[in-house]
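Subject: Structure handover, with notes on sheets and helix packing

Dear colleague,

Please find below the structure we spoke about, followed by my notes on what was found in it.

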Amino acid sequence: MFLHRFYPLALLSLILSFLAITTVNAEPVIDKPAPLFTGAAADGSTINLADLRGKTVILEWTNHECPFVVKHYESGNIPNLQKQAVAQGIVWLQVITSAPGKEGNVTGEVAQKLNAHRGATPTNTVLDGNGSIGKLYGATNTPQFFIIDPKGVLVYKGGIDSIPSADQSDIGKAENYISAALADLAAGRKIAKAVTKPYGCSVKYAS
Amino acid sequence: MLQLRSIIFTLIVLLLCTGALQASTFEASTDQVKAQLITSVDAVHPGDEILVGVQERIIPHWHTYWVNPGDSGLPTTIDYVLPKGSTVGDIQWPTPRRIVLGPVTNYGYENEVILLSKVKVPDDIQVGKEFPIQAKVKWLVCDEICIPQKVDLALTLPVVLPGIASGNGSPLIKAAQTTLPVNSPWPFSIAKSGNTLAIRVTDVQFKKSNIKHVWFYPEKWGKIVHNAEQPWKISGDTLEIQLKSGDEPLAGDEKLSGILTLTIDGAAGSVTQGYQLSAHAETVSTIGAIDAQAPDLVLSSALLLALLGGIVLNLMPCVFPVLSIKALALIKHANHNSIENKLHGLAYTLGILVSFTLLGGLLIILKAGGAQIGWGFQFQSPLFVLGVAYLMFTVGLSLSGVFSIGGSVMGIGSSLANRSGYSGSFFTGVLATIVATPCTAPFMGAALGFALTQPPATLLTVFLSLGLGLALPYLILSQWPSLQRRLPKPGVWMDRLKQGLAFPMYAAAVWLVWVLAQQAGINSVAIALGGMVIIAFSAWLYESTKTGIKSTQRSGAGVAGLSLWLALIGSYLGIDTSPASPLSNVETSSTFEAYSPARLSQLRTEGKPVFLNLTAAWCISCLVNEKVALSQDSVIQAFKEADVTYLKGDWTNRDDEITRLLAEFGRSGVPLYVYYPGKNSPLKNPIVLPQILTPDLVIRTVKPSLSREKEV
């Protein structure tokens, strides 16, 4: 039964060749390097996160039709935070992950017009229609925020404030996590609340 | 008369008016949701505790959210405005369901949900007055897009004297209570290790009940990753589900709370019930990973695994000779009519698929009868083993050229020059299936283990997929003449190879007789060998009289047939089919002990490491593994050094204890190798080893430190 010697080997090699490769979801972790990406920007340029080393970067997932985004833009809350952040020398990038045909999917031109109309002044807007950056960061909500320090380390992930609602009247009562983070950054402190619960609409991925 | 009529008319108008008035207040609608305020009574007494609720009826594809909406969304909120002195409890949330969109997982409700709260009527409310209830309801309703909405609902209940019936209220209340999770009736615990959480629930019914799906819904955001897999398994009486810690993991003294749902297949279809759990997590050093393949395998991957398993079966020593005979026939005919080759390929495939359907059907029937069976179960019958031994021997004789039957049942028997007989190809397929059953190829174990827990249709689908895999290599070869041209040229070598291939068949027959000896005692060997002599005689007689005159031919075939019948009937009567007592075949030796559930649990209680080998004499893969790995000196030495007790369980004959143990690991057949770490090991859970072993693999499992030293 010489076959006995041959088959285990043959089978072993077969098994090895069929072994499924499990994909690991790289989720961003606080105090670990933030995942790097490049993406098309609304102004036609290409944004490479690695090029922004040396600057603090805020990623804001957005969808102009989502009622929670509307709440924080109409009230002036997010546009104010953007002004404040940019004045602090921070790069503020909106990210639009809505897939083509889904709510909030816009061209770069429309994205810029929307911002002008809303008095919003982010540094730029990244168009992520295929959802790759969204999935890289595990973005689930609009609005949702990630803050990356000048060394490229993730220092904040979470929501905008502490009261999950679509009512503008709640903004004044809520603890604003982003303005607290901006204050901590300005003072050179570690961000006190580095992880918070985001709330809002789901990010409109293709699938 | 006229007066009476006008009174009735007035009454009707009044009723309509109040009805209309009520409708505008206790009900409200948006484009997506119809809401109404309901109560458990029609009237209240002072000091009553009643149930008040809001029913949301949601248009298709839209949903509202649970108290923890998951990755996005907002739970419904209800602000009750009640007379002074009333109190209102929290919303009693019905068991939610998962709503998944890409990487976003939400928890909520589709179609309909009723959110109940307890309301306490003040003790000092005056009888005869009214008890008004106002509810300000806010919800976020989403499909692809989300819309925040709010409605104001109100109704009024009369306050009546104690003793006057308060009425039945809305029938919806009762319906709503059935959708609520119940407190867990079972003992449970939560363990935490690194970023893995494991919930363990114990109940003796778990093994028997047909649990299809398990999911844990955490009450708070951040405690677990919502979109992560939740692998689960049932081993023994314990159900374990594993969760991944989320962005705001459990703090030291924080409890994990939520709803564990079990979906159970019953007579009336599958039913999901939620169980409320809340407990502190106990930190442990490790939580053994749950093999994602078993038992929670999805049909698609089971089908794929079965197909792969079927393909690999072709290489197993049981099937290879049969297959190579088919391949030889193909070489011979490579230059002939390709349509004929294609038909042969199809007939062969059909033969395999029909056999697998029969095998699957038989399994379903036996399973319905409550038998504990698995893959290769038919080899637990000594008669079947003898039958296959005879078959192997006959095929061997035919290959050796002792006899040939032109284009009849024995397709292999037909000489290679004989091109007729699609039935021959069909029965080669049947033969391939029969000889394949004692082999368990890689991938098959998980797929079959899954199939055996499934309803008949799914079981058959997996079996057919396995059969297709087995048929595939020859089928492909037969369908593409261009592939056939790459085969070596036909020649005398083919006859030599054919004759050579007779010897593996004889060897297989010898092995089966050995299996038989263990199943039915030494006398069965005499019967089997005697039967083989008669078979050989019949074959010789048939062949040598075949070419004679008609009468010689007839008498030769007659005598041959008669003696063959005698052999078969004699064997049938002679073999002792009473099943041997369990475990009788494994005798404890210096290197291993016979498995028994009692011995295993004793060793486990003592905290000793155990290596368990579940095997059967008719399982070739098992024997190979024992030869090349488990009986190697290095392995025996490693067992000794690591103080591992090596237990061997024999499934050669039917043994329900072992079948149950196999099922615990999601398997339906042997081999199964399990290493139970001892109390000193950092590992806690049993480790299932692959179905193909190497000495190194075994040593590394039982003595991780040893192999590391070796590597250095």
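Which residue is the bridge partner of Val610(B) in strand 22 of chain B? It is Thr645(B), but before going further I should say how the model is to be read. This is a predicted model, in which local features need pLDDT of at least 70 and side-chain atom pairs count only at pLDDT 80 or more, while totals for chains, interfaces and linings use all residues. Residues are numbered from 1 along each chain as its sequence is written, and chains are lettered from A and ligands numbered from 1 in the order in which they are written.

The sheet in chain B

Strand 21 (residues 610–615) and strand 22 (residues 645–650) of chain B run parallel and are joined by six bridges; strands are DSSP runs of E with at least two residues, helices are runs of H or I with at least four, both numbered from the N terminus, and two strands pair if DSSP finds at least two bridges between them. They belong to an open sheet of five strands in chain B, with mixed pairing and the order 20-22-21-23-24, whose edge strands, 20 (593–594) and 24 (687–689), each pair on one side only. Helix 14 (residues 597–606) of chain B packs on this sheet, touching strands 20, 21, 22 and 23 (672–676) of chain B, where contact is taken as C-beta atoms, placed from the backbone, within 7 Å. The direction of helix 14 of chain B makes about 160° with that of strand 21 of chain B, angles running from 0 to 180 degrees between N-to-C directions of axes fitted to C-alpha atoms, for helices over the stretch in contact.

Helix packing in chain B

The axes of helix 11 (residues 492–520) and helix 12 (residues 523–546) of chain B come within 8 Å and cross at roughly 145°. The contact is made by Val513(B), Leu516(B), Ala517(B) and Ala520(B) of helix 11 with Ser524(B), Val525(B), Ala528(B) and Leu529(B) of helix 12. Helix 12 of chain B also packs with helix 6 (residues 382–400) of chain B, at an angle of about 35° and with the axes 10 Å apart.

The sheet in chain A

Chain A holds an open sheet of seven strands in the order 2-1-5-4-3-7-8, again with mixed pairing. Strand 2 (46–48) and strand 8 (154–158) of chain A stand at its edges with a single partner strand each, so one side of each is left without a neighbour in the sheet. Within it, strand 3 (residues 57–61) and strand 7 (residues 144–148) of chain A pair in the antiparallel sense over five bridges, with Ile148(A) as the bridge partner of Val57(A).

With best regards

How values were computed: Two residues are in contact if their C-beta atoms, placed from the backbone, lie within 7 Å.
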